[in-house]
Amino acid sequence: MTVPVEHLFILSAILFAIGTAGFFLRRNVIIVLMSIELMLNAANLAFLAASRMHTLEAGATEASLQGPLFAIFVIVVAAVEAAVGLALVIALYRNQQTVDLEQVTALKN
Amino acid sequence: MQSPLVPAGDAAHDWLWLIPALPLAASALCGVLHYVEARKRLPKVAHGHGHDQHHGHDTHAHDTHAHDDHGHGHEKVPAGLAGLAPIVAIAAMLVAFGLSLKGFFELRDGTATVLRATSWSWIDTGTFPIDLTMHLDRLSSLMTLVVTGIGTLIFVYASGYMKGDKGYGKFFAYLSLFAFSMLMLVLSSSLIGLFVGWEGVGLCSYLLIGFWYEKGWPADAGQKAFVMNRVGDACFLIGSFLLAKTFLTLDMAMIAANTASMLPEFGPKLFLAGLFLFLGACGKSAQMPLFTWLPDAMAGPTPVSALIHAATMVTAGIYLVVRLNPVFASSPELLQIIGVVGVLTAFIAGSTALVQRDIKKVLAYSTVSQLGYMFVGLSTGAWAAAVFHLVTHAFFKALLFLGAGSVIHGMHEEQDMHKMGGLKKHMPATFVTFMCGAAALSGLPLLSGFFSKDEILAHTFAQGGLYMGIWVLGVATAALTAFYTWRMVALTFYGKERFDAHKVHPHESPIIMTLPLMVLAILSVFGGVLGLPPVFHVAHNLKEWLAPVTAAGDAILAQRGAHEVSHTVEWALLGLGSVIAIVFATMGFKKHVLGTQADEAFATKRSGLHAFLTDAWTIDTKYTHWIVQPVKLLAFVIAVVFDQFAIDGLVNGVASFARGLGERTRRMANGRIASYGLWMGAVAAVLVLVLIWNR
Amino acid sequence: MNVEMMKQVLTAEALSAAAPFLALTVGILLLLVVEILPGTATLRPLVFLGTLAAAFGYAWQQANGPELRVFAETYVANSTTGWWAILFVIATLVAWLFARKFYREEARFEGEHDVLLLSAAAGMVLMAGSRDLLVFFVGLELLSVPLYTLSGFQRAKRTSIEAGLKYFVLGAFAAAMFLFGAALVYAGTGTLTLSSMDAADLSKSITIAGGALIAASLFFKISVFPFHLWVPDVYQGAPAPVTTFMATGTKAAAFAFLLPMAVLLPSDAAVLLAAIAVATMALGNLGALVQTDLKRLLAYSGISHAGTMLLAVAAQVSGGASAASVSNAILYYMAAYVFTAGGAFGLVTAMESRTGAPVTIESLKGLAQRQPLWAATFALFALSLGGIPATGGFLGKYLVFSTAVQADMIGWAIAGVLMSVVALGYYLRLIVAMYMQEPAKDATHGEGSRPWANAMAVVCAVGVLVLGVLPGWFMEHMK
């Protein structure tokens, strides 16, 4: 029994949407960061699904490896972004004793 | 892409480059002299406290209103090294004038009608290559003679007028830079080269208007001039784009030569291009609706007003139209628009000049009015008549401005004519020359202004139709001109002395200032010989001279039928012009020779009309009201409403929509990061949807 | 991986194509070594400048060399990428020089600062040369992550942290959009390399949706409407040298990839792009009109410039203007902008560094008397930003608008030209403040001498003038 590739795309789109919604709706920076992780992983899933689709395509002679490769890069980059992001959050907390994005509005017109 | 109609550049004429290059070099040198001198004058104090002492007049530096009574607000300072600046600048201008003469004689005696020299490729790839080619034909030759000739006289005058100013060197640096830009403007063969000069003169004008910046308001006036000019410049650029798109070249000679063949196919496009170029010309030549900056520009030193705001820069619009005359000739509607705008400007500005008390304001509105005449001339296809008026106007208006400067100088910076009077005996040389200028401006018979103005009006009369209306307003404006000119003369030089003789001792200006006045006076009186009307049965020198330049436009106009007036009508018109000039000049003089009573009576009896006229038909006020304020408001709305309310509003809107969805959405963020993100996400989604939808 | 494969990939050609990038990477490693080894701290500026010099040299070779397509066509080196790399090196140099003596509490972290700056530069070089979504993504992150850190570099300052956090959160969001877009393009075409996508696949809905998402994420980097909202905040809050770098470098790098990537967009996207471009110009200029903080003002001005350049991209997408003329126009515009904005932001840096207080129009008043050189160069930059002839800014505008005319987008070009009129209003305000208004009694900005800032201001001013007066030379090389 195999999962149809469309389902994978739909799942990744749903994950991306949930991530986006979380990004818009939550005020806690940590949760916003988690939402972004979710969006990145949605993209990863889409990459893998597409790779599978192209590999299984009629007439394909070799596996389409660019997708999985990209996913690995994304995982690395996600780790880097998390490190930098959390560092900034710590700096914010030290400075303002808050992780609420709504409090971060000193800069505006 | 050279057409046989336009000769290629010839290395033999490479010397043409020197004409603009000399003032540029002089400008750089004057700048260095100024800098060295300014360095020397810095007080020797410890660094870090410097800015307190740099300012010799700190006492009133913070109160800008205090200056109006202080004249320039400057202490006189010895020029030192900067004293060399006028010598450098005048020498450069003289040599440039000599070279212009050389070009003039080569054109007159040689077989070529155009001298071209390409020695520098500015951009040689891209969509439209630009090479800066110098193009000296009979029109630009005339313009260079005016710019360098009158320019030299004004430079000489300025060396006396500005003596003792702490920015002496800087002033000549700016003036020379202006001369360079103006010469670039008239010598450039391509629209882009012209635009460089066009922008350059605007920039220099701005720098020079704001020259005495401690006064406070000149800086604002300079800013207004600059921004208004930019509106015109934008239109100019648009017009150039349209022409470039149509003709696939930026060379004006090529465009002019090919217009007739493009006309059947691209008529509407040419109309649009011409309209935008005319709007550009309106900005530079102070026509409706972009004229209000010129009177404000009078805040600059008087030689600047004479050179830039009377004799040269403001005529750039006229020059542009003549240079591209086939484009304008191609559409009768466009010509009518130009005529109506011109005559309305002439009339409105002329009536405004009636009530001004500031002598320079009278001359400023008069300039706007006379420029209107020139556009009327252009609108009838009388290119040569417009250029004729341009040249004579350059003579007599430069003279009048310099004369007014001499008066202001002698009166210790007084510009209000109501505080003058009886200066005839104090400043005889200024008085006599000023009279010559006034007579020429008001169109008294046989002087230069009489012939040039009459020629324009005769052409307008000959056109008939809509142009009859224009003619009537034009004649009315001639009456106004005579009136306000002699009002000015009467108030300034005749009648009782209305100043405090204990405080103000009017004196004649030094010879270095009166000498240019005398030269200009001679030119103003006899300048008419350049273009005597046909009834005198002598050649119209200017018209014949310009024939090769205007041939293309004339040919297009001739297809629609020529308009000529018979000699009888011509005599009648000349007679009418003379009578009107003499009658209204006498009226203006007689009413005001006694003093300010006539003005005061008018101001009290017809206070509404008086205020309306004084404020130039309230056009400027309307600008502020209808354009400046809304733009400011819009900017404010963008900044505050868009960047804050709208963003938060979008988020809040989503929030209230989502509120019904569940308990958790109560905690929806409307912090700014989320709202920025929401905008991004929303527009990205729109992008995606629209693009897919369009497939 | 066997030796044969390595030999195939790492040809001499490939190495020379990647040389500017590799030079920067080696420089980063050297800097890190210098940081660790005791007693070598004084070497740091030398290593930094040497790295930039090497990168510049290799970039120069590329700019004058043949086109190389390497790593299975995922990376190219030609004269355009060479010029981009040169621009990035200059932008880095300008930012670095203005950062000298800028930091006080953070001064001991200057080593990290320099390393981050170099990695960002390396990222930009990679972005400009990439013709593959994966390679571009690596470059993008190599640029972005250091910039997040640099924006929040002044850890004690609330505004700096806020700027860093805002930039990071929104940047990560944009990156996520890019990734999802890339995944969709990959799903549609089966490849990530631009040159191996075929026309039939490009017109699939899923590819177009992916292309739109990628374009949106690039719009974030070049900061056009409505992806510009972060710009004023971040520019204002970030340390001034970093702002200088962001204003010039990031924008350039994103444009460098936007041009080849535009093949993903269908030609009817041109109208949309042009509308975004004009809206950006309008918002940027009107926004700048009411600003008093100089960094915010320049940020809005930068937004409007991005809009102007986007107009040229629209001309390319419409198919009416040749890719070469658009690429030249944007490269030229950006080159002028790097010098102009680099100089302008740099001078703001110099003024800010003395007091640490924000620089406003108020504090510009009377600058002509306190610092004649700064005032003169700043006035030149303002005129160039406003597009006055004889400055680089004018020619950039001229080239961009002429591509729009070429593509028959005259209406949009007219709108753009009109916008530049509004722009002059606020540039002029700066000149008026410097030259024609008296300083407030307690004016302190811009006192004292700063030889580095003076030198950089002069260098930028010369760049602006040379680009304005002698473009022929550049054009010759850019062909």
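A residue counts as exposed when 12 or fewer other C-beta atoms lie within 10 Å of its own, as buried when there are 20 or more, and as partly exposed in between. I start there because B:L446 has 12 C-beta neighbours inside 10 Å and so counts as exposed. I should also say at once that this is a predicted model.

Let me stay with B:L446 for a moment. It sits in the loop of chain B between helix 17, residues 428–442, and helix 18, residues 448–463. Its phi is near 75°, a positive value in a residue other than glycine.

Chain C has another case of positive phi. C:A72 is not a glycine, yet its phi is about 55°. This residue is in the loop between strand 1, residues 68–70, and strand 2, residues 75–77, of chain C. With 13 other C-beta atoms within 10 Å, C:A72 is partly exposed.

Now chain A. What does its secondary structure come to? Three helices and zero strands. Read from the N terminus on, the order of elements is α-α-α. The radius of gyration of chain A is 18 Å, whereas a compact globule of 109 residues would have one near 13 Å. Taken along the principal axes, the C-alpha atoms fill a box of roughly 60 × 30 × 25 Å. Of the 109 residues in chain A, 42% are buried. As for contacts within chain A between residues at least 6 apart in sequence, 51% of them join residues at least 24 apart.

Next, the interface of chain A with chain C. How many residues of chain A are in contact with chain C? There are 34, and they meet 34 residues of chain C. On the chain A side, helix 1 (5–25), helix 2 (29–56) and helix 3 (66–96) each supply at least two residues. Helix 3 of chain A gives the most to that side, with 16 residues. Sorted by class, the side of chain A that touches chain C has 25 nonpolar, seven polar and two charged residues.

One helix pair between these chains can be looked at in detail. The axes of helix 2 of chain A and helix 8 of chain C, residues 158–189, come within 8 Å and cross at roughly 10°. Are the two helices roughly parallel or roughly antiparallel? Angles under 35 degrees count as roughly parallel, so helix 2 of chain A is roughly parallel to helix 8 of chain C. From helix 2 of chain A, the residues making the contact include A:V32, A:I36, A:M39, A:A43, A:F47 and A:A50. From helix 8 of chain C, they include C:V169, C:A172, C:F173, C:A176, C:F180 and C:A183. When you look at that spacing, recall that an α-helix has 3.6 residues a turn, so residues three or four places apart point the same way. By class, the contact of helix 2 of chain A with helix 8 of chain C has 20 nonpolar, no polar and no charged residues.

Beyond helix 8 in chain C is C:M197, in the loop between helix 8 and helix 9 (199–202). C:M197 has 19 C-beta neighbours inside 10 Å and therefore counts as partly exposed, since buried would take 20 or more. Leaving aside neighbours within four places in sequence, C:M197 is in contact with C:T189, C:T191 and C:L202. C:M197 and C:V185 are twelve residues apart in sequence, and their C-alpha atoms are 9.5 Å apart in space.

Also in chain C, C:L29 lies in helix 3, residues 19–36. C:L29 counts as exposed because it has 12 C-beta neighbours inside 10 Å. The C-alpha atoms of C:L29 and C:V115 are 8.5 Å apart, with the two positions 86 residues apart in sequence numbering.

Last, two items from chain B. B:Y484 lies in helix 19, residues 466–493. Buried or exposed? With 28 C-beta neighbours inside 10 Å, B:Y484 counts as buried. Not counting residues up to four places away in sequence, it touches B:A353, B:L354, B:V362, B:S366 and B:G588. B:S442 is 42 residues from B:Y484 along the chain, and their C-alpha atoms are separated by 8.6 Å.

The other item is helix 14 of chain B, residues 332–353. At 1.5 Å a residue, its 22 residues should span 32 Å, and the end C-alpha atoms are 31 Å apart, which agrees. Since 16 of those 22 residues are buried, helix 14 of chain B is largely enclosed by the rest of the structure.

How values were computed: Residues are numbered from 1 along each chain as its sequence is written. Chains are lettered from A and ligands numbered from 1 in the order in which they are written. This is a predicted model: local features need pLDDT of at least 70, side-chain atom pairs count only at pLDDT 80 or more; totals for chains, interfaces and linings use all residues. Two residues are in contact if their C-beta atoms, placed from the backbone, lie within 7 Å. Helices (H or I, at least four residues) and strands (E, at least two) are DSSP runs, numbered from the N terminus. Ala, Val, Leu, Ile, Met, Phe, Trp, Tyr, Cys and Pro count as nonpolar, Asp, Glu, Lys and Arg as charged, and the others, Gly among them, as polar. The expected span of a helix is 1.5 Å times one less than its number of residues. The radius of gyration is taken over C-alpha atoms; the globule rule is 2.2 Å times the number of residues to the power 0.38. Axes are lines fitted to C-alpha atoms, for helices over the stretch in contact, and angles run from 0 to 180 degrees between N-to-C directions. Angles under 35 degrees count as roughly parallel, over 145 as roughly antiparallel, 65 to 115 as roughly perpendicular and the rest as oblique.
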